[in-house]
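Here is a short tour for anyone who likes to keep a structure open while reading. Please turn the view as you go along.

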Amino acid sequence: MTGPLAGVRVLDFTWVGAGSLTTKLLADHGADVLKIESSVHIDSLRLNPPFAGGVRGPNRSGYFAERNSNKRSVCLNLREAQGQALARRLAADCDIVANNFRPGVMERFGLGYEDIRQIRPDVIYLAMSMQGSAGPEREYLGYGLTIGALVGLQHLTGLPDRYPVGTGTNYPDHVPNPCHAAFAVLAALRHRRRTGEGQCIDIAQTEPTIATIGTTVLDYTVNGVVREREGNGHPQWAPHGLYRCAGDDRWIAIAVRSDAEWLALADVLGLDAERYARNRHEHAAELDELVQRGTSGRDAVDLAARLQQRGVAAGPVQNSADLVDTDPQLAHRGHWVSLRHPEMGTSRYGMPPFRLSATPGELRTAAPVLGAHTREVLTEVLGMGETELDTLDAAGVLR
C-alpha cells in the first residue's frame, strides 16, 4: 500500500451509498479496507443497476463497483456466533471500525463500540446512522431520499408552482455525509496519534445534509422567512437558468450576477441590453424568454466557451457520455482510469476528487467480487490455516 493512509486498516461494515463512499475515500489514499459482507444478507448496492452488459448479478453492479474500488471483500455470516467472533478478532487488528446501520444492530452482533473497545482500546469507531445514536427517532430507517426530505432539501427542489421533486439520493449519499465522515475519521486519527486515545464518532446523516440548505436556514432564523421552490431561478441574479440549444436535448446553464456580465451576454446573443440594465431581476421571466430565443440555435459547447471568454459564468449541460468521452478538463486531469474486473471486464472509474501533490490517491484495484478475499484476509491477519477455514466454510460461517 502507498498513500498518506498506508498502514491504516479499516474494518468496514458499511453498505449502500454514504458509508461505502466514506471508506472508499480512505481506501483510495492507502488504507487497507476490509469490507465485511455476507451472501446471506447481501449489500443491496450489489443488486442495484446498472449491470455490466445488462446481466444481473451481485458482482456486476456498476453502482457497487464505483463505491468499492480498492477494497478487499471478506464474507462472514454475522448471524452465526463464530462469524461474530471472527469479526471481533479482525477488529483487534484494525485502526477503524465503520458502520452505517441503525443504532443497536452492531450491538446485537457483539460489535458495538463498547464491545470493540474491550479488544482494541484505541479504536476509532465510526457509526453513521440516519438520526444518530440518541433521540426519539434514533431507530428510524432511512436512505438518501428520506434524509433529503427530513432536512428540507426536497422542499426547496422543483418549480415554484409544482410539488417537490427532490434530488434522489444525490446529495446525502454522495457529498456531505461521506465527506464529513471521512473528515471526522482523519481528525480522530490525528488525535490518536498525539494522545494514544481512540474514540467513537457518532454521525447523524441528517445533520451534515443540512449544510446543503444553509442559506435558507439562516433566512428563517434571522428574517423569519421560509424560502420556497425557485426552480432554476435565483433570489438576486438574473438571467439565471438553463436554456435550450441546438441539438437533441442540449442545454446551456447561464448565471448573470452583474451589469457587466449582462452587457456581455446581451452582446454575444444580440439582445437589447439597455432595456433591462437596472431592473433585470424584476423581469426575470421575460429575460428567460429572450435568452432562450438567443440560445436556441447555438451549439452549447461553443456558446459556453464564448461566454466564458467574456466573463460570463456558463457551461453546457453534459450527459454521462459527454463526461467520459469528450470533456477536455477531466481528460487533462486524468480523472478517468480503466480497471479490470473479473466479471465485468474493463470499466472506467473516477479518480479521487482531490489531488495531493506529495501523496496522491490512486485507484489500484476494481471493486471486489463477493468474498474474493475471505481466505486471504483470515490467513494474513488471523494466521488461520486451510483446514480451519474449510471447517468454517462447511459450517456456513464464511458466507
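Arg375, Leu378 and Thr379 in helix α16 meet Glu386, Leu389, Asp390 and Asp393 in helix α17, where contact means heavy atoms within 4.5 Å. By class, this contact of α16 with α17 has two nonpolar, one polar and four charged residues. In that count, Ala, Val, Leu, Ile, Met, Phe, Trp, Tyr, Cys and Pro are nonpolar, Asp, Glu, Lys and Arg are charged, and the others, Gly among them, are polar. Helix α16 covers residues 374-382 and helix α17 residues 386-394, and their axes come within 11 Å and cross at roughly 135°. The two helices are therefore oblique to each other. Here is how angles are named: under 35 degrees is roughly parallel, over 145 roughly antiparallel, 65 to 115 roughly perpendicular, and the rest oblique. Axes are lines fitted to C-alpha atoms, for helices over the stretch in contact, with angles from 0 to 180 degrees between N-to-C directions. The crossing of α16 past α17 is right-handed, meaning that the near helix is turned clockwise from the far one by less than a right angle.

A word on what you are looking at: this is a predicted model, in which local features need pLDDT of at least 70 and side-chain atom pairs count only at pLDDT 80 or more, while totals for chains, interfaces and linings use all residues. Residues are numbered from 1 along each chain as its sequence is written, and side-chain values use heavy atoms, with hydrogens and water left out.

Now for the second helix pair. The axes of helix α1 (residues 18-28) and helix α8 (residues 176-195) come within 8 Å and cross at roughly 45°. That makes α1 oblique to α8. Helix α1 also passes α8 in a right-handed crossing. From α1, the residues Ala18, Leu21, Thr22, Leu25 and Leu26 meet Asn177, Pro178, Ala181, Ala182 and Val185 of α8. This contact of α1 with α8 has eight nonpolar, two polar and no charged residues.

What does the interior look like? The largest nonpolar core has 33 residues, and those with the most contacts inside it are Leu11, Phe13, Leu76, Leu86, Leu90, Val97 and Leu398. The elements giving two or more residues to this core include β2 (32-37), α3 (81-91) and β5 (124-129), along with α16 and α17. Apart from it lies another core, of 23 residues, among them Tyr243, Ala273, Ala304 and Val312. A nonpolar core here is a set of buried Ala, Val, Leu, Ile, Met, Phe, Trp, Tyr and Cys residues joined through side-chain atoms within 4.5 Å. Buried means under 20% relative accessible area, exposed over 50%, and partly exposed in between, with a 1.4 Å probe and protein chains only. In soluble globular proteins, nonpolar side chains tend to be buried together.

Leu398 is worth selecting in your viewer. Leaving aside neighbours within four places in sequence, Leu398 is in contact with Cys75, Leu76, Leu86, Thr374, Leu378, Leu389, Leu392 and Asp393.

Which residues does Gln131 touch? Not counting residues up to four places away in sequence, they are Glu137, Arg138, Leu150, Ala204 and Thr206. Gln131 lies in the loop between β5 and α6 (144-150), and Gln131 is buried, with a relative accessible area of 17%. The C-alpha atoms of Gln131 and Ala204 are separated by 4.4 Å, although the two residues are 73 residues apart along the chain.

Some backbone angles also deserve a look.

| Backbone feature | Value | Place |
|---|---|---|
| Pro49 to Pro50, cis peptide bond | omega near 5° | Pro50: loop between β2 and α2 (62-67) |
| Ala238 to Pro239, cis peptide bond | omega near -5° | Pro239: loop between α10 (214-223) and β7 (240-244) |
| Asn70, positive phi, not glycine | phi near 70° | Asn70: loop between α2 and β3 (71-75) |
| Asp249, positive phi, not glycine | phi near 55° | Asp249: loop between β7 and β8 (251-255) |

Are Asn70 and Asp249 buried or exposed? Asn70 is buried, with a relative accessible area of 4%, whereas Asp249 is exposed, at 52%.

Finally, the whole protein. Its secondary structure comes to 17 helices and 11 strands, which are DSSP runs numbered from the N terminus (helices H or I, at least four residues; strands E, at least two). Buried residues make up 47% of the 399 residues.
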